Amino acid sequence: TNQWFLPAVRGDIPPGCAAHGFVCDGTRILVFGGMVEYGRYSNDLYELQASRWLWKKVKPQAPSTGSPPCPRLGHSFSLYGNKCYLFGGLANESEDSNNNVPRYLNDFYELELQHGSGVVGWSIPVTKGVLPSPRESHTAIVYCRKDLGSPKMYVFGGMCGCRLNDLWELDIETMTWSRPETKGTVPLPRSLHTANVIGNKMYVFGGWVPQSAGGEISAHDGEWKCTGSFSYLNLDTTEWIGLISDCQEDKSNLLPGPRAGHCAVAVGTRLYIWSGRDGYRKAWNNQVCCKDLWYLDTEKPPAPSQVQLIRATTNSFQVKWDEVPTVEGYLLQLHADLPVPSVAGTAGTGVPETSVLSSQGGSSLHQSPQSLASVPYPEMKVDHLNQTNNVIPNNNANWVPDTNENTIHPQNGAEISVQVSLSSNSLLKVEGKEKVAAPENKITQETMKNHADATGFKDSNTPSLLPVCASNRQWYDVGIFKNNSAVVSQFYLLPEETLTVSNKMEGADAPDYRLLKKQDLFPGTVYRFRVAAINGCGVGPFSKVSEFKTCIPGFPGAPSTVKITKSVDCIHLSWEPPASPSGNILEYSAYLAIRSTQLQENPSQLVFMRIYCGLKTSCIVTAAQLSNAHVDYTSRPAIVFRISAKNERGYGPATQVRWLQ
């Protein structure tokens, strides 16, 4: 929503403090130390349960040897597993808070956490190697390579009378300190900067740096300034890469301004920067504070889930896919079989007791044993994909100011002119003017419809295989959508000379949709869909392909509003008649996916057995029938039902539901 709110917290609310330690462990937050007022520092530990907005002051056990951490500010407080690691900071040597005598620290503590809430106590680990020099206002992050599995803590920069740019590594398993050799240009000495890990990179932004470019002057003698410089350290190769230099000018305000004491947080592959202060103005005799929020997309987004069908008509689809976090929009594409030349004589009249249907590309509904009357929208089946994300290939950082403005216009079936420039290294730029007001994409409670052939299920027990997707078929853009749903009634046709653009090769720009012709969908035609997410780094990989068929005129629509109620020894299945019966409904058939040797040989082919045929819009599924049911594990374990209606022309498309187990 991009809206700030002030939660109504309760409990042991901590006093306001600055330069404290802060970690987030699931839905709880731990805050340690900080400056309560000038010269008076804290060593209190507070826990906030964010799910209840409840504060609690916790009292860890003291170390078995040594004293607990003294009051301090500017320390680092890092979380890994069930332990927090406290390093360094600044203490007041004087007992009189008005007489502030700074003492820089390099002590190291481990705090063990209890699961969910509370802490066990402090300990002082025995470390090997040479400890980093005392410092405050440094950063510390923990990184663990996937292939090696040995977690490392990295401490960078800070202040100890002069600012630092040294890098230290702690092997948490062996508790050994070392100074890794780095390649590339080391960032200038700095303090009050931020460091965040995304993937295998530590991103360092801002802070206080020397006024001169050399960076060799002491803080006692030299001038210092805030910076907007931005670098990352590849933690696998220990190579520094500069993204924004200290001297880089930004007259267009496309980059975050110089600042120190700001906060930064990684959400997925996106880095958010908030607030901070840009130095001290003698003329104003005060700090200059920032009040802006920026984000940076560091990688292309992962592939979304498969496109899921909500509703189909003779010339349109309503489709949906799972949201991908922190993206600007979605590119939806389709390609089609040739239109069915004639629908005469295609109606079937018989429905066999058992049928084999493809479960690939179909759509489904998660449904609980209770009625769906109070559920606003069905939960979709999710196919979790393991995608390798692409890293920004050059040193251009793609910062975006975070505002409330929508940057992409959802098309939702209406004609909207949108021009989009996409590249792997530039911001998402959208220029558009609506020609027709887009209707609100209303979500209904109707169940999802899996459109099989309009003739209903096959007349034999042989598998109904999906047509093989030929590699030379052309993908066409349906459009770019802000939200994760769309009404599809048309797609864009590309000129022959630009056909390759639609395949969205690396670095290719999206076409200007205002200049392209549109093609309406045909009845009785199979269309294949894929979708890709878009962020500031460009278009990510496409989802797996889904396949749906538009309805053939004259056949009934699919039953809707399926409800499943459980009793002691059976379940009760009910539904509503099709919204478009196209004549009189002669009967309904309900099917149950069952265990089968055919299913074992080809897991993508569900085998269905008819469990009901009649005029009623409800049926009983017995315990004996359920004992033969196949449990589908494509997302969450579920039993699959299909229900279809028949009129004078034959059986129409089936509604498929998943009853969660």
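These exercises walk through a predicted model, each with a worked solution.

Residues are numbered from 1 along each chain as its sequence is written. In this predicted model, local features need pLDDT of at least 70 and side-chain atom pairs count only at pLDDT 80 or more, while totals for chains, interfaces and linings use all residues; side-chain values use heavy atoms, without hydrogens and water.

**Exercise 1. Find where the pLDDT is below 50 in residues 404-472, and start from the chain mean.**

Solution. pLDDT is the predictor's confidence in each residue, from 0 to 100. The protein chain has a mean of 77. Of its residues, 74% reach 70 or more. Over residues 404-472 the value is below 50. Beyond near neighbours in sequence, that stretch has 206 contacts in the model (heavy atoms within 4.5 Å). Residues 499-507 also stay under 50. The model has 23 contacts for them beyond four places in sequence.

**Exercise 2. Decide whether K152 and V265 are buried, partly exposed or exposed.**

Solution. Take the cut-offs: buried is under 20% relative accessible area, exposed is over 50%, and partly exposed lies in between (1.4 Å probe, protein chains only). K152 has 18%, so K152 is buried. K152 is found in strand 11, residues 152-159 (strands, E, at least two residues, are DSSP runs numbered from the N terminus). Its contacts include I141, Y143 and E169. V265 has 45%, so V265 is partly exposed. V265 sits in strand 21, residues 263-267. V265 touches N196, among others. The C-alpha atoms of V265 and N196 are 6.8 Å apart, though 69 residues separate them along the chain.

**Exercise 3. Work out which side chain R530 makes a polar contact with.**

Solution. Place R530 in strand 40, residues 526-535. R530 is buried and has no salt bridge (a side-chain nitrogen of Lys or Arg within 4 Å of a carboxyl oxygen of Asp or Glu). The nearest side chain of opposite charge is D477, 7.1 Å away (Lys and Arg count as positive, Asp and Glu as negative; His and the chain ends are not counted). The polar contact is with the side chain of Q333, at 2.8 Å. Such a contact is a pair of N or O atoms within 3.5 Å; within protein, one must be able to donate a hydrogen and the other to accept it, and residues adjacent in sequence count only if both atoms are side-chain atoms.

Key. Helices (H or I, at least four residues) and strands (E, at least two) are DSSP runs, numbered from the N terminus.
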